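Please open the structure in your viewer and keep the sequence panel beside it. The tour below goes from one selection to the next and says what is there at each stop.

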Amino acid sequence: MKAIRTVLAAIRRADEQFNLIDKGDRIVIGVSGGKDSLVLTYALSLYAKFAQKEFTLQPVILDLGFPGFDATELKAYIESLGLTLMVHDSKMVYPILKANQGEADHLPCSICSRMKKAAINKVANKMGFNKVAFAHHADDAIETLFMNEIYGGRMATFAPKMTLERAHIVFIRPLVMLRESDIIACAKELKLPVKPSAC
């Protein structure tokens, strides 16, 4: 179980360095069914047991309206961790993405990302949760840095922890110090039920 130890060590380092998780936090985990979010969910379920901080986790997956969406297998897996997967109806997203697709051969990722964040923040607020955790990792941070340099003319990437004042949510990225190769190794080691992207 070497890979999960690497993941947990990276989460602990990020938590200590950026003060991601506090005692009493109520944290929504954004679940997509991909390797990153499933590793994050599994790892945080373990971290909660030894971090000497009492905090609550609520995995949430958004039904964005993509054809073939089925969370049955994910629900069963997350229940095996002692958690309950909440499926939130966000079916209005897919028609909006299709309407903005234009001549492109793929759906607009930037619009989808913003809508997903807004939807999951709304869920967290409604349930009285104070934080949202997404599974962005070190490779995502590097990619964002290059994208900002190339297309925005600025050197910047996302923060491990951000306070979203208007949404009344603190957004955290516990995997920010972890490379994608370690996540892939962990997902394989744990035989996680990774779902292919519906996009």
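Which pattern does the protein follow when read along the sequence? With the whole chain selected and coloured by secondary structure, the pattern is α-β-α-β-α-β-α-α-β-α-β-β-α, and there are seven helices and six strands in the protein. Please keep in mind throughout that this is a predicted model. Of the 199 residues of the protein, 45% count as buried, and among contacts between residues at least 6 apart in sequence, 75% join residues at least 24 apart.

**The sheet**

Next, hide the helices and select the six strands, which form an open sheet in the order S3-S2-S1-S4-S6-S5, with mixed pairing. At the edges you will find strand S3 (86-89) and strand S5 (161-164), each of which pairs on one side only. If you turn the view, you can follow how neighbouring strands of this sheet are turned by 30° against each other on average, direction ignored. As general background, strands of a sheet pair through backbone hydrogen bonds, either parallel or antiparallel.

Now select strand S1, residues 26-31, which is mostly covered, as five of its six residues are buried. On one side, S1 pairs with strand S2 (residues 56-63) in the parallel sense over six bridges, and here Arg 26 stands opposite Thr 56 in S2. S1 also pairs with strand S4 (residues 131-133), again in the parallel sense, over three bridges, and in this pairing Ile 29 stands opposite Ala 133 of S4. From S4, extend the selection to strand S6 (residues 169-172), with which S4 pairs in the parallel sense over three bridges; Lys 131 stands opposite Val 170 in S6.

**Helices on the sheet**

Bring the helices back and select H5, residues 109-127, which packs on the sheet and touches S1, S2, S3, S4, S5 and S6, while its direction makes about 135° with that of S2. Within helix H5, pick out Lys 122, which is exposed, with a relative accessible area of 62%. The C-alpha atom of Lys 122 is separated by 9.3 Å from that of Ile 169, although the two residues are 47 residues apart along the chain.

Then select H2, which lies across S1, S2 and S4 and runs at about 150° to S1. Together, S1, H2 and S2 make a right-handed β-α-β unit, which you can trace by showing these three elements alone.

Is Thr 41 buried or exposed? Thr 41 has its place in helix H2, and it counts as buried because its relative accessibility is 0%, where the cut-off for buried is under 20%. Leaving aside residues up to four places away in sequence, Thr 41 touches Ile 29, Val 31, Pro 59, Ile 78, Leu 81 and Leu 83, so it is helpful to display these side chains together.**Where two helices cross**

Keep H2 (residues 35-50) selected and add helix H7 (residues 180-190): the axes of the two helices come within 9 Å and cross at roughly 70°. That crossing makes H2 roughly perpendicular to H7, a description given to angles of 65 to 115 degrees. On the H2 side, the residues that make the contact are Lys 35, Asp 36, Val 39 and Tyr 42, and on the H7 side they are Glu 180, Ile 183, Ile 184, Cys 186, Ala 187 and Leu 190. Colouring these residues by class shows seven nonpolar, no polar and three charged residues in the contact of H2 with H7.

**Two backbone stops**

For the last part of the tour, show the backbone and go to Asn 19, which is found in the loop between helix H1 (2-18) and S1. Phi of Asn 19 is near 50°, a positive value in a residue other than glycine, and at 40% relative accessibility Asn 19 counts as partly exposed.

Finally, move to Lys 191, in the segment after H7. Phi of Lys 191 is near 55°, which is likewise a positive value in a residue other than glycine, and at 72% relative accessibility Lys 191 counts as exposed.

Note on methods
Residues numbered from 1 in each chain as written. Predicted model: local features only at pLDDT ≥ 70, side-chain atom pairs only at ≥ 80, totals over all residues. Heavy atoms only, no water. Axes fitted to C-alpha atoms, helices over the stretch in contact; angles between N-to-C directions. Helix = DSSP H or I, 4+ residues; strand = E, 2+ residues; numbered from the N terminus. Parallel < 35°, antiparallel > 145°, perpendicular 65-115°, else oblique. Contact = heavy atoms within 4.5 Å. Nonpolar A, V, L, I, M, F, W, Y, C, P; charged D, E, K, R; others polar. Buried < 20%, exposed > 50% of the residue type's maximum accessible area, 1.4 Å probe, protein only. Pairing = 2+ DSSP bridges. Right-handed = clockwise from strand over helix to strand, strands pointing away.
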